Amino acid sequence: THFGFQNVPENMKEALVKQVFASVATNYDIMNDVMSGGVHRLWKDHFIRTLAPTPGTKLLDVAGGTGDIAMRFLDYCKETHGDNSAQVTVFDINPNMLQVGQERFAKTPYHNTSQVSFMEGNAENLEHIPDNSMDAYTIAFGIRNCTHVDRVLKEAHRVLKPGGRFMCLEFSKVENPVIAKAYDVFSFDVIPTMGQLIANDRDSYQYLVESIRKFPPQKEFAKMIKDAGFTVMGQGYEDLTFGVAAIHSGFKL
Ligand code: SAM
């Protein structure tokens with residue numbers, strides 16, 4: 001049995017997504033490593049290097065979960081520029097994920113500094129975040145869980161300062177047919193089975209796989225970003241690992 005997410009009415013998606021991440025929160029970090037063979041770490045490192053934040057950057061990391069992107073961002077600022085004035089807000093709909101993130105940061109020098117803060121809320125409505133207030137907006141492996149992607153993009157555009165950058169890291173579509181076939185087997189058979197064995201939670205991992213399949217392909221998503229008012233460079237995205245994941249990016253000009 002699984003959630004049968006393909007048939008879930010739109011108004012129930014948010015509740016189900018909450019339930020999925022509440023149940024995976026404690027195992028989330030280890031499962032990421034197991035399922036991607038650690039590759040998600042390389043993707044995230046590359047994502048932050050591509051953002052290349054300058055000293056004092058104010059970042060909003062939406063669907064920030066347990067703080068992987070936020071931690072890399074602050075580490076990058078410190079290691080590259082010796083900067084400790086950069087700031088990140090980890091924003092997520094799920095208090096369980098934020099809690100795991102807070103516990104993680106409590107063990108770092110960023111704890112109890114103004115460099116990191118946590119905020120609970122829906123990416124579709126960033127009501128407590130003022131217009132034109134952020135230098136950068138990131139969302140990693142989160143946007144496909146949102147019900148109205150167009151609203152998420154509109155809100156991202158609203159909170160960014162002119163010149164600010166939107167960046168999204170998300171699972172995407174593999175175009176090479178041979179690799180696509182292997183990837184299908186991996187995602188439809190191997191991932192739910194690993195979810196069962198390691199986290200005793202087949203349903204949540206089945207959902208994660210289905211949500212990847214339903215998300216629009218690279219070019220279509222790039223068009224949605226442009227439609228939200230962003231200016232993109234070139235085709236607007238970069239494929240990672242044959243398109244298993246992609247980085248989309250746009251500027252608010
Ligand atoms: N960005 C982190 C990372 O890369 O490790 C976490 C990614 S995790 C796969 C997806 C996160 O999106 C979860 O923490 C979930 O609670 C959050 N999420 C799902 N729907 C959301 C929404 N509508 N608004 C904000 N966060 C959401």
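**Around the ligand**

A nitrogen atom of the ligand lies 2.9 Å from a polar backbone atom of alanine 140, in a model that, as the reader should keep in mind from the start, is predicted. The protein covers 98% of the accessible area that the ligand has on its own, which amounts to 600 Å².

The contact at alanine 140 can be read together with two others of this kind. A polar backbone atom of alanine 63 is 2.8 Å from a nitrogen atom of the ligand, and a polar backbone atom of isoleucine 93 is 3.3 Å from a nitrogen atom of the ligand. These distances count as polar contacts because the definition asks for a pair of N or O atoms within 3.5 Å.

Stepping back from single atoms, one finds that 19 residues surround the ligand, and that the closest of them are Lys44, Ala63, Asp92, Ala123 and Ala140. Sorted by class, this shell consists of 10 nonpolar, six polar and three charged residues.

The next step is to look at the space itself, for the ligand takes up the space of the largest pocket. That pocket holds about 860 Å³ of space, and its lining is made up of 50 residues, among which Phe21, Tyr28, Phe141, Arg144 and Phe171 lie nearest the centre. Helix α2, which runs over residues 28–36, supplies the largest share of this lining, with five residues. When the lining of the largest pocket is sorted by class, there are 27 nonpolar, 15 polar and eight charged residues.

Methods:
Residues numbered from 1 in each chain as written. Predicted model: local features only at pLDDT ≥ 70, side-chain atom pairs only at ≥ 80, totals over all residues. Heavy atoms only, no water. Near = heavy atom within 4 Å. Polar contact = N/O pair within 3.5 Å; in protein donor to acceptor, adjacent residues only side chain to side chain. Areas by Shrake-Rupley, 256 points an atom, 1.4 Å probe, with all protein chains shown as cover. 1 Å grid on protein atoms, 1.4 Å probe; cavity = no way out; pocket = protein on both sides within 12 Å on 5 of 7 lines; lining within 4 Å. Sits in = over half its atoms within 2 Å of the grid points. Nonpolar A, V, L, I, M, F, W, Y, C, P; charged D, E, K, R; others polar. Points joined across faces, edges and corners; volume = space filled by probe spheres on them. Helix = DSSP H or I, 4+ residues; strand = E, 2+ residues; numbered from the N terminus.
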